[in-house]
Amino acid sequence: QMLFKYIDKFILSLFLSSSLFAIYFNGSIDIPFLPILLGAATSAALLHITQADTSVTASKEVATILYTSKVLSCIVFPLFLFLLLFRYELFEVVFTNRYIAAVPIFAWSIVVLPLRCYGFTAILQKRQQGTLINKGAILDLVVAVALMYPMYRWMGLPGVALSFVISTYVQAGYYLFHTARLVQQPLQSLVPLAFWGKQLFLSFVVIGISYFSLMQLGLASWQVLLSGLVIAFVLSGIQLVAAIRKG
């Protein structure tokens with residue numbers, strides 16, 4: 001995972017000028033707290049389904065992962081839409097327009113965020129399927145590296161970012177396929193698509209309307225960004241409370 005995290009930056013550092021590499025590096029930067037939050041939630045779910053209690057059946061394993069993914073989506077989806085819609089304001093405030101050319105790279109990089117609310121390897125880890133997990137990691141790396149050059153020729157540096165997004169979705173599909181086989185359940189039953197669709201649509205409507213409304217007020221970039229962040233946090237909190245109460 002650490003190799004995969006930096007392999008694109010290592011390869012590009014060999015071919016790009018320092019200025020272009022800086023643009024790509026800042027455009028593909030990770031959201032600092034998100035991996036910690038999502039990793040903690042996935043670990044908690046894994047601990048729950050790996051307890052010694054023999055009553056933890058395949059159905060309960062899936063139910064735990066589904067519940068965790070629903071809760072996490074309440075945080076991830078508003079954040080994803082906020083970062084996507086307020087991306088120019090974010091770079092103007094954080095980098096003071098210095099790396100505004102990195103915004104298209106950032107836009108493609110964060111398309112992977114919706115996948116982060118699901119623990120694709122949790123059940124595989126519980127079933128001690130280390131070989132499958134390693135194969136999925138290798139598949140992710142191979143697909144991404146194979147796509148880097150053709151995507152770069154097609155779209156430039158944003159294409160490189162997109163190649164890693166595509167490889168991550170391929171990896172997610174690989175893990176879901178094998179998880180479905182292990183728990184002997186239909187693949188579509190492993191993902192709360194209906195719930196995700198509602199959450200994503202609601203987040204898009206609220207944050208989208210908020211963004212266009214704020215832009216009409218003629219506010220400074222930092223004011224637009226801060227207002228959007230507050231709205232995203234409030235929306236996330238409301239959705240989170242509703243999801244937890246519903247259970």
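**Helix 4 and the nonpolar core of an all-helical model**

Ala-58 lies in helix 4. In this predicted model, Ala-58 touches Arg-127, Val-183 and Gln-185, when residues up to four places away in sequence are not counted. The C-alpha atom of Ala-58 is also separated by 8.6 Å from that of Leu-182, a residue 124 places away along the chain.

The protein contains 11 helices and 0 strands, and its pattern along the sequence reads α-α-α-α-α-α-α-α-α-α-α. The radius of gyration is 19 Å, close to the 18 Å that the globule rule gives for 247 residues, so the protein is as compact as a globular protein of that length. Taken along the principal axes, the box filled by the C-alpha atoms is roughly 60 × 45 × 25 Å. Of the contacts between residues at least 6 apart in sequence, 77% join residues at least 24 apart.

Buried residues account for 47% of the 247 residues. The largest nonpolar core has 71 residues, and those touching the most other members are Phe-82, Leu-83, Phe-86, Tyr-118, Leu-190 and Ile-207. Helix 4, which spans residues 58-85, supplies the largest share of this core, with 13 residues. In soluble globular proteins, nonpolar side chains tend to be buried together.

The surroundings of Phe-82 were examined in further detail. With neighbours within four places in sequence left aside, Phe-82 is in contact with Arg-87, Ile-207, Leu-225, Gly-228, Leu-229 and Ala-232. One of these partners, Ile-207, is itself listed with Phe-82 among the core residues that touch the most other members.

A second site was examined in helix 9 (residues 157-183), where Thr-179 is found. Thr-179 has a relative accessible area of 5%, which is under the 20% cut-off, and is therefore classed as buried. Beyond residues up to four places away in sequence, Thr-179 touches Phe-120, Ile-123, Leu-124 and Leu-190. Of these, Leu-190 is also named among the core residues touching the most other members.

At the surface, the protein exposes about 13,100 Å², of which carbon and sulfur atoms supply 68%. The protein carries 15 positive and 7 negative charges, and the mean positions of the two sets are 7 Å apart.

Technical notes: Residues are numbered from 1 along each chain as its sequence is written. This is a predicted model: local features need pLDDT of at least 70, side-chain atom pairs count only at pLDDT 80 or more; totals for chains, interfaces and linings use all residues. Side-chain values use heavy atoms; hydrogens and water are left out. Helices (H or I, at least four residues) and strands (E, at least two) are DSSP runs, numbered from the N terminus. The radius of gyration is taken over C-alpha atoms; the globule rule is 2.2 Å times the number of residues to the power 0.38. Buried means under 20% relative accessible area, exposed over 50%, partly exposed in between (1.4 Å probe, protein chains only). Contact means heavy atoms within 4.5 Å. Accessible areas come from the Shrake-Rupley method with a 1.4 Å probe; for residues, only the protein chains shown count as cover. Lys and Arg count as positive and Asp and Glu as negative; His and the chain ends are not counted. The place of a charge is taken as NZ of Lys, CZ of Arg, CG of Asp or CD of Glu. A nonpolar core is a set of buried Ala, Val, Leu, Ile, Met, Phe, Trp, Tyr and Cys residues joined through side-chain atoms within 4.5 Å.
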